[in-house]
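Subject: The structure for you to look at

Hi,

Here is the structure I promised to pass on to you. Please open it alongside this email, so that you can look up each place as you read.

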Amino acid sequence: MSENQNLLAEQRRALILDEVRRRGGVRVNELTRKLGVSDMTVRRDLDALARQGVVEKVHGGAVPVAEASTHEPGFEAKSGLELSAKEDIARAAAELVAPGSAIALSGGTTTYALAHRLVDVPDLTVVTNSVRVADVFHAAQRTSGPRQGAATVVLTGGVRTPSDSLVGPVADQAIAALHFDVLFLGVHGISVEAGLSTPNLAEAETNRRLVQSARRVVVVADHTKWGTVGLSSFAALEQVDTLVTDGGLAAPARAEIAEHLRRLVVAGEDSEDSADM
């Protein structure tokens, strides 16, 4: 069977993962027909997805990995997943940031990618509960030296989580006293029923405070977050102004989102494909 050259490996694996999650399992021979690639290519893709911990290989195919709602991967574990999608999302989200604005960046690997895109935006005030995000701006200032228009960074303080976010009463009190133009929020999971959710109870409360302090809420989440539900919900979809995601988000999910969100931005697609809700 001839290889389908129109799909990159990451695009193919995103389609496979979506199929596994949607149907509860797939067989190799079904995927070869659907994708127009060889048996060996599909098996390599399943091996890669299994190494990422998102599918479990079984005889003749794969099934989804059932994670406990309290499972919280560490920052390093998450940073290796969906790299190109996160970069695309960061690039699209950065276009929503105006010079001179006050923004907040929550913890997470996607907001971390976004922070790298924002170091040259002049006169930002950045509130964050992410040690990693704060380090991005501090490292940029150490490298370039003092410069006019460099971001002012406010790190909330608090207790550190496995994902290197600062949470708890100290963080919550700091955030409650602040007001920012836009919150860029990374999430563990997003769904119609549960809204935005996380496995960490303390992080849920801190995220709730971030949402309350923002004039506008922008969720930055790759397509694998859709349909995932953590232990604690902290916001309904109706509280989100914009979702910035990647092209791996399936059409049925886009239709569901259209019923609940004001705006969907699909990174890498033409602006007319990014719908105002």
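Below is what was found, beginning with the chain as a whole and moving on to single places in it.

First, please keep in mind that this is a predicted model. The chain contains 10 helices and 15 strands. It has 277 residues, and 49% of them are buried. Many contacts join parts that are distant in sequence: among contacts with a separation of 6 or more, 64% are between residues 24 or more positions apart.

**A pair of helices**

How do helix α8 and helix α9 pack? In general, two packed helices are described by the angle between their axes and the distance between the axes. For α8 (residues 169-176) and α9 (residues 201-212), the angle is about 5 degrees and the axes are 9 Å apart. Angles under 35 degrees count as roughly parallel, and α8 and α9 are therefore roughly parallel to each other. On the α8 side, the contact is made by A171, D172, I175 and A176. From α9 come E205, T206, R209 and L210. Taken by class, the residues of this contact are 4 nonpolar, 1 polar and 3 charged.

**Cavities**

Searching the whole structure turns up 3 cavities of 30 Å³ or more. Let me pick out the second largest cavity, which has a volume of about 40 Å³. Which residues line the second largest cavity? They are I190, A221, D222, W226, L243, T245, L249 and I257. This lining divides into 6 nonpolar, 1 polar and 1 charged residues.

**Four places in loops**

The next stops are residues in loops, taken in sequence order.

G60 sits in the loop between β2 (55-58) and β3 (61-64). Its relative accessible area is 21%, so G60 is partly exposed; the cut-off for buried is under 20%. Leaving aside residues up to four places away in sequence, G60 touches V26, R27 and V28. V28 is 32 residues from G60 along the chain, yet their C-alpha atoms are separated by 5.8 Å.

D123 belongs to the loop between α6 (109-118) and β5 (125-128). What is the phi of D123? It is near 60 degrees, a positive value in a residue other than glycine. For background, most residues other than glycine have a negative phi. D123 counts as partly exposed, with a relative accessibility of 48%.

E193 is placed in the loop between β10 (189-191) and β11 (195-198). Is E193 buried or exposed? With a relative accessible area of 71%, E193 is exposed, because exposed means over 50%. The C-alpha atoms of E193 and S233 are separated by 9.7 Å, and these two residues are 40 residues apart along the chain.

Q239 can be found in the loop between β13 (232-235) and β14 (242-246). Its relative accessibility is 40%, and Q239 counts as partly exposed. When residues up to four places away in sequence are not counted, Q239 touches V211 and V217. Between the C-alpha atoms of Q239 and V211 the separation is 8.0 Å, with their positions 28 residues apart along the chain.

If you would like a place to begin, try the contact of α8 with α9, then go on to the lining of the second largest cavity.

Happy exploring, and best wishes

Methods
Residues are numbered from 1 along each chain as its sequence is written. This is a predicted model: local features need pLDDT of at least 70, side-chain atom pairs count only at pLDDT 80 or more; totals for chains, interfaces and linings use all residues. Side-chain values use heavy atoms; hydrogens and water are left out. Axes are lines fitted to C-alpha atoms, for helices over the stretch in contact, and angles run from 0 to 180 degrees between N-to-C directions. Helices (H or I, at least four residues) and strands (E, at least two) are DSSP runs, numbered from the N terminus. Angles under 35 degrees count as roughly parallel, over 145 as roughly antiparallel, 65 to 115 as roughly perpendicular and the rest as oblique. Contact means heavy atoms within 4.5 Å. Ala, Val, Leu, Ile, Met, Phe, Trp, Tyr, Cys and Pro count as nonpolar, Asp, Glu, Lys and Arg as charged, and the others, Gly among them, as polar. On a 1 Å grid over the protein atoms alone, a cavity is a set of points where a 1.4 Å probe fits but cannot get out, and a pocket is an open set with protein on both sides within 12 Å along at least five of seven lines; lining residues have an atom within 4 Å of a point. Grid points are joined across faces, edges and corners, and a volume is the space filled by probe spheres set on the points. Buried means under 20% relative accessible area, exposed over 50%, partly exposed in between (1.4 Å probe, protein chains only).
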